[in-house]
Amino acid sequence: MNKPGDPAPDADARRARLLGFGEQSVSKSYYPELKRRLDELERFRSLLDQTGEGIFLVNADTGRITDAAGAAGAMFGRRREELVGRLFAELWPAEAVEHLRGLFSGDFAAGRMETTLPRPGNRGGGLSVEITFRLASGDDGSIAVIVARDVTERKKNELALKRAEEKYRSIVENAAEGIFQSSTEGRLVSANPAMASILGYASVPDLMRHIKSVVEDVVAKEEARQRIRSELGRYGEVKNLEIELRTKSGGLIWGLINARRIRDAAGDADRYDGSLQDVTVRKKAEQTLQSYQDELEQRVAGRTGELTRANERLTHEVTIRKRAEEAAEAANRAKSEFLSMVSHEIRTPLTSVLGFAVIIEKRLEELFAKLLDDDPRRRRQAAQVMDNLRIIVSEGERLKHLINDVLDLAKLEAGRMEFKRERVDPAEVVRRVMSASAGLLAANNQVALKTCIEGRLPVVMGDRDRIIQVLVNLVSNALKFTERGSVTCRARVDGHYVVIEVTDTGIGIPESEQHKVFEKFNQIGVTLTNKPKGTGLGLTICKHIVESHGGRIFFVSKPAAGSTFTFTLPIA
């Protein structure tokens, strides 16, 4: 080797000199052998330069690098020529230099270590290298052969693996569910703290001391153990299996087991990984819920039987009631037909009786005026006869109204009342009725009759005469039971309806009687006043007429404060 400090000889020039010497000595027998050896050395050197490892030769006496190959230049960011001749201690970290000195001093003949080199160009981070040292003998003395391998990626992978293992270990250690590993024979290999806690053990070592086989020592029932063995053997896994487990104290809990066979790189069964959850609370809740459900089903069955029997009774009662309703409807039809027939039969002779009574009243009045003298007795008798005739005419008229009302009601209830469909002006109807009703106040000047029509009223479709009949009935009733104050008829529009109200300041209707205002033959007022009796059918007929026109009728009344009867008619 060269003396320290001498520049390294050029390899190509040295080879040329050697070959030149050989060519000048062609007759020498060792020239071909020399050329072959040099070619082999060149190929070997080329192979060394292609390797990914850095190779350094360091002189033991001087500590200088005598040669460098492979990735040596790339590790330091220098050309090979720049490395040869440099002191090893100038380039390598202190621990590598100390290791090299130990090699030279005879402490060891070979060694291995890891260190960090600064990256070429001071790029971020260091370059992790693994170095092997070996002492060899050369022409110029001892030489250290140093091989450096870049292990930066391996170190990164090892660090990532370590972090992943720590993360996995942390997850396993802190998991709420039990996690375990067992051999293919079922022997417990490892477990986490949750596994020990679920089975009632103080710690994992305590669990490992007492439990040898997960299946045999923990699963309570033989049929469950057989099922686990069968599913692991057939499918290689157990999924969501709920079984009873025995704890350290000998008690039983419900656990949810999952396990899966793990194979090694060769595909052979290596172990079983599994998890365990304590589902005792849920299982007990399900059992409690099931008992409640069973009890509820029993109650439902009992109640269903009761309802079935009640339904049978109700069906029987409905059948009886339907028959009774059919009989009542038949009787009602018969009644209506009878009333209609009787009313017709009575109205004809009654008309004749009334006609003759009126004629007799007029004739007798004329005769008595001519024949009666000043005899008081005869005059009293004549006056009594005339009063009796007037009573006959008045009661006959009332009987005629009653017969007409009965006939109308019979037709309405039987649905045989025919209504005309014509355009009716509500304002004209109100004015006509109020004008005609003014004659009823001739003998009573303490009651005022008022009319109030709000705005222009749209027309309605209906039977004008029947609408007049309704309003006349309401106004006449108001006048009948109002001795002082007023009777007011108001008409207005509300949405799609014309609303007509008749308000009085009369005696009102007692609350105990209000529910039967629209009932047939109901005469509330005659028990409170001395007004003439009506037929008791007027409001009933009004209700039928209004509802047949698509409207409704109702009232508001307060005793001694008057009443308001209201009916509505849809706008055409």
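**Exercise 1. Find where Ile 360 sits, say how open it is, and name the nonpolar patch it helps to make.**

Start with the address: Ile 360 belongs to helix H12, residues 280-371. Helices here are DSSP runs of H or I with at least four residues, strands are runs of E with at least two, and both are numbered from the N terminus. This is a predicted model, where local features need pLDDT of at least 70, side-chain atom pairs count only at pLDDT 80 or more, and totals for chains, interfaces and linings use all residues. Residues are numbered from 1 along each chain as its sequence is written, and side-chain values use heavy atoms, with hydrogens and water left out.

Next, exposure: Ile 360 has a relative accessible area of 40%, so it counts as partly exposed. (Buried is under 20%, exposed is over 50%, partly exposed is in between, with a 1.4 Å probe and protein chains only.)

Last, the patch: Phe 356, Ile 359 and Ile 360 make a nonpolar surface patch of about 290 Å². Patch residues have over 30% relative accessible area and no salt bridge; nonpolar side chains (Val, Leu, Ile, Met, Phe, Trp, Tyr) are joined within 5 Å, like charges within 9 Å. A salt bridge would be a side-chain nitrogen of Lys or Arg within 4 Å of a carboxyl oxygen of Asp or Glu.

**Exercise 2. Work out the strand order of the five-stranded open sheet and pick its edges.**

Go across the sheet: the order is S2-S1-S5-S4-S3, with antiparallel pairing. Strand S2 (65-70) and strand S3 (110-118) are the edges, as each pairs on one side only. From one strand to the next, the twist averages 25 degrees.

Now zoom in on one pair. S1 (residues 54-59) and S5 (residues 141-150) run antiparallel and share six bridges; DSSP has to find at least two bridges for strands to pair. Within this pair, Gly 54 stands opposite Ala 148 in S5.

**Exercise 3. Is Leu 83 buried or exposed, and which residues does it touch?**

Place it first: Leu 83 is in helix H4, residues 80-83. Its relative accessible area is 0%, so Leu 83 is buried.

Then list the neighbours, skipping residues up to four places away in sequence: Leu 83 touches Phe 56, Ile 65, Ala 68, Ala 72, Gly 73, Phe 76, Arg 78 and Leu 91. (A contact means heavy atoms within 4.5 Å.) For a distance check, the C-alpha atoms of Leu 83 and Arg 64 are separated by 9.3 Å, with their positions 19 residues apart along the chain.

**Exercise 4. Look up the positive phi angles of Asn 240, Ala 560 and Gly 550.**

Take Asn 240: its phi is near 45 degrees, positive in a residue other than glycine. Asn 240 lies in strand S8 (residues 237-246) and is exposed, at 54% relative accessible area.

Ala 560, also not a glycine, has a phi of about 70 degrees. It sits in the loop between strand S16 (553-558) and strand S17 (562-570), and at 70% relative accessible area Ala 560 is exposed.

Finish with Gly 550, just after H16, where phi is about 85 degrees. Helix H16 itself (residues 538-548) has several buried residues, including Leu 539, Ile 541 and Val 546.

Terms used:
Areas by Shrake-Rupley, 256 points an atom, 1.4 Å probe, with all protein chains shown as cover. Axes fitted to C-alpha atoms, helices over the stretch in contact; angles between N-to-C directions.
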